[in-house]
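Trainee: Please choose one part of this model and take me through it closely, with each term explained as it comes up.

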Amino acid sequence: ENAFKHGINTLKSGGVVRINLECKAKQITFTCINNFNSSIKKESTGTGINNVRKRLERLYPGRYDLFINKEDAQFKVVLNLYLQ
């Protein structure tokens with residue numbers, strides 16, 4: 001949702017969202033990369049990310065990694081779920 005709401009919706013043209021889901025025997029990896037308008041400065045409370053982390057910890061305690069990187073005009077999220 002954020003890739004569209006805070007990403008490509010802030011661009012006049014050329015918006016890109018790349019989503020990849022990889023399933024292995026004991027691991028699922030979700031990757032989402034989107035560009036955004038870096039000239040628009042939005043203050044973030046971090047509430048959404050904190051809520052996602054709480055949900056992940058409740059559903060997959062100690063069995064996930066969440067990496068979030070915002071660099072230049074690109075936002076990248078990688079979620080690894082380790083299955084039993």
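Mentor: Two strands count as paired if DSSP finds at least two bridges between them, and the strands themselves are DSSP runs (E, at least two residues), just as helices are runs of H or I with at least four residues, all numbered from the N terminus. This is a predicted model, in which local features need a pLDDT of at least 70 and side-chain atom pairs count only at pLDDT 80 or more, while totals for chains, interfaces and linings use all residues. Residues are numbered from 1 along each chain as its sequence is written, and side-chain values use heavy atoms, with hydrogens and water left out.

The part to look at closely is the pairing of strand 1 with strand 2. Strand 1 covers residues 17-23 and runs antiparallel to strand 2, with seven bridges joining the two, and a hairpin of three residues leads from strand 1 to strand 2. Along this pairing, Arg 18 has Ile 33 of strand 2 as its bridge partner, while Cys 23 is bridged to Ile 28, also in strand 2.

Strand 2 spans residues 27-35 and includes Phe 30, which is partly exposed, with a relative accessible area of 31%; buried would mean under 20%, exposed over 50%, and partly exposed is what lies in between, using a 1.4 Å probe and protein chains only. Phe 30 joins Ile 19 and Leu 21 in a nonpolar surface patch, whose accessible area together is about 290 Å². Such patches take in residues with over 30% relative accessible area and no salt bridge, where nonpolar side chains (Val, Leu, Ile, Met, Phe, Trp, Tyr) are joined within 5 Å and like charges within 9 Å. The areas come from the Shrake-Rupley method with a 1.4 Å probe, and for residues only the protein chains shown count as cover.

A salt bridge, for its part, is a side-chain nitrogen of Lys or Arg within 4 Å of a carboxyl oxygen of Asp or Glu, and a search of the whole structure finds one. Glu 22 makes this contact with Lys 24, where the closest N and O atoms are 3.7 Å apart. Glu 22 is partly exposed at a relative accessible area of 37%, whereas Lys 24 is exposed at 52%.

To place this pair of strands in its surroundings, consider the sheet as a whole. Its four strands form an open sheet in the order 1-2-4-3, with antiparallel pairing. Strand 1 and strand 3 stand at the edges with a single partner strand each, so one side of each has no neighbour in the sheet. From one strand to the next the twist averages 5°, where axes are lines fitted to C-alpha atoms, for helices over the stretch in contact, and angles run from 0 to 180 degrees between N-to-C directions.

The other hairpin links strand 3 and strand 4 through two residues, and Asp 72 in its turn has a positive phi of about 55°. Strand 3 (residues 64-71) and strand 4 (residues 74-82) pair in the antiparallel sense over eight bridges, and Ile 68 stands opposite Val 77 of strand 4. Read from the N terminus, the elements of the protein chain run α-β-β-α-β-β.
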